[in-house]
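Visitor: I would like to go through this structure term by term. Please set each value against its cut-off.

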Amino acid sequence: MNCKSASHSFPAVQGKQAGKEFFIAMCPLKLIPRLFVFNEEEVPPEMRAQRTINRARIPAIAEYLVKNPQTYILSALTASVGAKVHFKPYCTEMESLGILHIPMDAQILINDGQHRRAAIETAIKLSPELANDNIPVLFFVDEGLGRSQQMFADLNQYAVKPDTSLTILYDHRSQEYQLARYLASECGAFKSLTELEKSKISNRSTKLFTLSGIKHANRALLRKNAKDGFTTAERILAKEFWDAVAEQIPDWKRARAKEVLTSDLRLNYIHAHGVALHAIGIAGAALLETNPGNWKNVIRRMRQIDWSRSNSQVWEGRATLHGRISKATTSIRLTANFLKLNLGLDLTDEEQTLEEIKRTQGK
């Protein structure tokens with residue numbers, strides 16, 4: 001190819017995988033919408049090399065870019081070039097470093113990153129200063145539809161979404177996540193008893209809670225949505241509340257002091273499971289609303305609760321179904337109903353309806 005003919009030119013590194021050449025290039029974000037195309041949805045699946053785009057994902061990614069112009073990070077796109085390319089090394093001493101020339105009329109299909117590509121287009125419209133930033137792109141020379149489809153399958157075969165608890169541990173932007181980490185490290189209820197990496201606790205684990213469980217419980221307690229912020233007063237209140245709850249559940253203190261095995265608590269008690277933690281958060285929200293100046297005295301009634309799983313008269317049909325712990329939303333709400341009644345709180349019309357359904361089903 002004549003390098004002087006119409007082409008896109010990028011600084012690039014040449015490499016080889018499985019005997020085939022590939023190139024890693026730096027592309028300005030402003031060029032991404034014009035350079036890359038993806039198959040339209042009306043094309044049959046067997047004729048595409050990519051899944052159909054989920055438009056609902058695009059606004060969230062674009063918002064992330066716009067709101068974090070100094071700290072965002074985008075992983076590389078992977079694309080197939082349907083034309084002959086030309087790579088010109090800078091010099092003989094650096095044959096793998098040079099300029100990659102791609103014909104302007106070449107079809108370039110994204111094998112991985114179509115939602116990032118669409119989000120980049122949206123973000124640049126909202127925040128034009130992003131246009132001159134760069135994103136790495138991994139270019140392969142197209143060998144036909146079959147090869148492109150195989151690339152998509154291979155790229156996604158081993159992709160694993162990180163566990164929610166690990167995301168909470170590492171994401172420092174979210175105030176909700178910050179609060180969960182703070183409580184896990186400073187609150188007497190959770191300190192040294194929180195699993196930081198996984199959202200499921202194994203039978204042999206010495207932990208009782210998960211970061212994701214604490215997050216959900218706090219969201220219920222403070223009646224917040226995922227994107228809501230937290231005031232200093234709310235942060236203090238959350239810690240005071242969970243510290244007060246820990247005082248009413250001595251088994252939590254015994255677990256932290258290693259006087260009882262957490263595995264035994266999980267086996268025998270409802271309070272050692274996420275359904276209880278979330279339900280306590282729901283009941284706690286009502287308690288704080290109705291007794292803002294006296295909630296610490298009212299919450300002492302929780303100490304009288306028999307949390308034993310053997311107490312099936314209370315827990316079956318609420319926290320358990322056929323003797324097994326249930327994580328269903330209805331189970332969480334029914335467990336919260338019992339806690340609210342125990343604390344002397346009124347049920348809402350919706351909660352009363354749920355209780356009536358439970359009674360009817362129990363007959």
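Visitor: Why does cysteine 27 count as buried or exposed?

Guide: Ground rules come with the answer. This is a predicted model, where local features need pLDDT of at least 70, side-chain atom pairs count only at pLDDT 80 or more, and totals for chains, interfaces and linings use all residues. Residues are numbered from 1 along each chain as its sequence is written, and side-chain values use heavy atoms, with hydrogens and water left out. Now the class: buried means under 20% relative accessible area, exposed over 50%, partly exposed in between (1.4 Å probe, protein chains only). Cysteine 27 has 0% relative accessibility, so cysteine 27 is buried.

Visitor: What makes cysteine 91 buried, exposed or partly exposed?

Guide: Its relative accessibility is 29%, so cysteine 91 counts as partly exposed.

Visitor: How many disulfides does a search of the whole structure find?

Guide: The search finds 0. A disulfide requires a pair of cysteine sulfur atoms within 2.5 Å.

Visitor: What makes strand β3 largely enclosed?

Guide: First the term: strands (E, at least two residues) and helices (H or I, at least four) are DSSP runs, numbered from the N terminus. Strand β3 covers residues 77-81, and 5 of its 5 residues are buried, so the rest of the structure largely encloses it. Leu77, Ala79 and Val81 point one way, Thr78 and Ser80 the other, and all are buried.

Visitor: How do you know which strands β3 pairs with?

Guide: Two strands pair if DSSP finds at least two bridges between them. β3 has 5 bridges to β7 (residues 134-141), running parallel. It has 4 to β6 (residues 108-112), running antiparallel. Serine 80 stands opposite phenylalanine 140 in β7. Valine 81 has isoleucine 108 in β6 as its bridge partner.

Visitor: Which strand order does the open sheet have, and why do β4 and β6 stand at the edges?

Guide: The 7 strands run β4-β5-β1-β2-β7-β3-β6, with mixed pairing. β4 (86-91) and β6 each have a single partner strand, so one side of each lacks a neighbour in the sheet. From one strand to the next, the twist averages 35°. β4 pairs with β5 over 5 bridges in the antiparallel sense. There, lysine 88 stands opposite isoleucine 99 in β5.

Visitor: Why is the contact of lysine 67 with glutamate 63 called a salt bridge?

Guide: The term asks for a side-chain nitrogen of Lys or Arg within 4 Å of a carboxyl oxygen of Asp or Glu. Here the closest N and O atoms are 2.8 Å apart, so the pair qualifies. Both residues lie in helix α2 (residues 58-67), 4 residues apart, about one turn of the helix. Lysine 67 is exposed at 59% relative accessibility, while glutamate 63 is partly exposed at 27%.

Visitor: What does the salt bridge of glutamate 350 with arginine 333 link?

Guide: The closest N and O atoms are 2.7 Å apart. The pair links distant parts of the chain, 17 residues apart: glutamate 350 in helix α15 (residues 349-362) and arginine 333 in helix α14 (residues 329-342). Glutamate 350 is exposed, at 54%. Arginine 333 is partly exposed, at 27%.

Visitor: How many salt bridges does the search of the whole structure find?

Guide: It finds 14. Another one joins glutamate 121 to arginine 117, with the closest N and O atoms 3.0 Å apart.

Technical notes: Axes are lines fitted to C-alpha atoms, for helices over the stretch in contact, and angles run from 0 to 180 degrees between N-to-C directions.
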